[in-house]
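Colleague: Got a minute to walk me through this one? I'd like to start with the overall picture and then poke at the details.

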Amino acid sequence: MLTNLTRRTLMKGAAVSGLAGALGGRVAFAADEPLGITLVVPSPIGDVGWGHALAAGLEPVKAAYGDKVKVTVIENIQEGPDADRIMTKTVADGNKFLIAGSFGYQNGALQIARRNPDVTVLHASGFQVAPNFSPFAAKYFQGTYLLGMAAAALSKTGKLGSVSAFAIPELITSVNAFTLGAQAVKPDIEVSVVWVNSWFDPAKEQEAAKALMAQKCDVIFSNAQDTPSVISACEDAGVYGFNLNSSMKKYAEKTYLGCVATDWSPFFKASVDAHIAGTFKGANAFLGVADKVVKVVDWNPDIPADVMTKIKEIEAKIADGSFSPFTGPITKADGSEGVAAGATLTDSEIVAMDWHVKGVTTPLPK
Amino acid sequence: MNAIEFILAGMLAAATPFLLAALGELVVERAGVLNLGVEGLMALGAVLAFIVVYHGGGHVMGFVAAGLGGAALSLVFALVVLGFRANQVAAGLAIGILGQGLSALFGKSYESLTVKGLPKLALPWLSDIPVVGGLFVQDVVVWLSLAATLAIWATLAYTKTGLVVRAIGENPKAAHAIGYPVVAVRFAAVAFGGMMAGFAGAYAAVVYTPLWADGMIAGRGWIAIALVVFGTWLTGRIFLGACLFGAVSLMGLAAQATGLDVPSQLLSSLPYLVTIVVLGIISADRRLLKLNGVASLGEPFDR
């Protein structure tokens, strides 16, 4: 069962259930009730993007448990008091498994977890942990490194670009790994970044992509855009482009370089299993290629075969843990040492990264 | 193409959504009505145009649908504020929110889909000039918007219709006393403003960024309203303001792409800063504001 709710129908529902409550008293939940799983996301769920990837991650859970789970997706909920109220309501309605799909839901979701020890909460891209509260994030940088290799092989101008939402560590690491991957193929390649300072403004994102193309960037990394704004501009201009989360190949049949896709289903499934078994333990889930959460799909056939072979080798090494994009020596953009030769950044150092590697020409906003 | 050429080539297209919506709002305000619902009217126009174009109706029909939709919703606003003399600020905000809600509802199954934009037309000779040539390679809607700017300027400044609209905005009682239908003219002005906002939304969704996504207008309607004040209710200044805003926002992106060492947050806020500064300079001259300001703006008409 899947019910798609918008805020409006939710409020209508709330009014109706409030009425029913007033008339007939509270409905008790029996032990054999299905497990209510609610996903709350900040943006509308389209055919692509972040919200779509999260919702798609619940499909295998539904397939595995059938009638034993009831999944509700609540989309387009702004971070803030609105989200807190809606998450509180969904838990009060008896849903015991909550997926809070945005960083800004953190405080409200954590309070819900503390007040309701029998509820399991998964929270996107946060850092707080509680016994029944796990933050989760994807190691996008593992995928962007691989796409950097492909981009360098295809670039004629030696200049790559990235349209990026906000200068936060998660996005900075993706740009850095992209640059390092490109340098592994062509050491003197340069990367320009345009920070649009918005999670959602398709027109501005497209302008940014065009600004990069005007500077002769011929492969563009759409870093955290939920719509095909950048990807379709790439197809129009005949430059390669790639993005995160879910494939946008249908918007750029010729110039789609690939997608750093996220498949949350292994993590969601394992968490639901643990919740039902009563063994769930909150922990920081930073998941990548090895966890089968991050996966590069839809590789462009234009990528030369020898480069593709190299990419596949590195991908296998990332999966078995013998390679990390952030193994030194790595120089920062300002010339100082970022990672010493032979050293590898730990997960906690990666999630706190606030510097660009050498080769990124745009200064990082302070 | 260097950064300057990029800005010059993109400036007019970036300015067009602001320009179309601001021209409409100019006429509305000149008639003495303040419509703050532009953002929602643009969103509604955007989704209607997108749906029509997506289903193969073509860009012309898309703009027609957007114009009709914008006009229809703004007539609801007109009915509330002119018919029932409700507070214009509150009613405008409400209509704006309604427009955004309707756009999300209609656009639900079109989320993140794309359509083909319009080809760019180059003016012969002019487009071959180095550096500034890009200015003369624009899509047909940009050229039509420039024509509309001229037409609205000429109408307001030199025709009897323009004079009647301005008189009604200046002193509705006097205009009524000499026999002009104040409420009817205001209805027409509001509908015109709604149509232009619909066009502006249509341009954003089927030409400039040819895709639909809920919330894609992203505050442009508010900028359009600000531009009307910024331009002290004068067509030429509103045009310059829209171009300035478009150019400065492209400049911020181009500066980053070239690797200029300026914080991107500053660059992102630059269009707003420039607008505020210019607004401040203009408002400093009280005489100018008094001369061009609309005396009865936002006041309900009581005969």
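**Chain A and its partner**

Modeller: Sure. Of the 366 residues of chain A, 49% count as buried. Keep in mind that this is a predicted model.

Colleague: How many helices and strands are there in chain A?

Modeller: Chain A has 12 helices and 15 strands.

Colleague: And what radius of gyration does chain A have, set against a compact globule?

Modeller: Chain A comes out at 22 Å, which agrees with the value near 21 Å for a compact globule of 366 residues. Along the principal axes, its C-alpha trace spans about 70 × 40 × 40 Å.

Colleague: What share of the contacts in chain A join residues at least 24 apart?

Modeller: That's 65%, counted among contacts between residues at least 6 apart in sequence.

Colleague: Which residues of chain A does UniProt list for a domain?

Modeller: Residues 37-318, under "domain: ABC transporter substrate-binding protein PnrA-like", and that comes from an unreviewed entry. Over that stretch the chain is 42% helix and 22% strand, with the end C-alpha atoms 32 Å apart.

Colleague: Let's zoom in on strand 6 of chain A. Why is strand 6 described as largely enclosed?

Modeller: Strand 6 covers residues 133-138, and six of its six residues are buried, so the rest of the structure largely encloses it.

Colleague: Which residues sit on each side of strand 6?

Modeller: A:F133, A:P135 and A:A137 are on one side, with A:S134, A:F136 and A:A138 on the other. Both faces are covered, as all of these are buried. That fits the usual pattern: in a regular strand, side chains alternate between the two faces of the sheet.

Colleague: Which way does strand 6 pair with strand 5, parallel or antiparallel?

Modeller: Parallel, over four bridges, with strand 5 being residues 120-124 of chain A. In one of the bridges, A:L122 partners A:S134 of strand 6. Strand 6 also pairs in the parallel sense with strand 12 (residues 285-287) of chain A, over three bridges. There, A:F136 has A:A285 as its bridge partner.

Colleague: OK, switching to the interface. How many residues of chain B are in contact with chain A?

Modeller: 29 residues of chain B, and they touch 34 residues of chain A.

Colleague: Which helix of chain B gives the most to that side?

Modeller: Helix 10, with five residues. Helix 1 (3-30), helix 8 (182-208), helix 10 (235-257) and helix 11 (264-284) of chain B each supply at least two.

Colleague: What's the make-up by class?

Modeller: The side of chain B that touches chain A has 15 nonpolar, 11 polar and three charged residues.

Conventions
Residues numbered from 1 in each chain as written. Chains lettered and ligands numbered in written order. Predicted model: local features only at pLDDT ≥ 70, side-chain atom pairs only at ≥ 80, totals over all residues. Contact = placed C-beta atoms within 7 Å. Nonpolar A, V, L, I, M, F, W, Y, C, P; charged D, E, K, R; others polar. Buried ≥ 20, exposed ≤ 12 C-beta atoms within 10 Å, placed from the backbone. Pairing = 2+ DSSP bridges. UniProt positions renumbered as here; feature names shortened; annotations may be inferred. Rg over C-alpha atoms; globule rule 2.2 N^0.38 Å.
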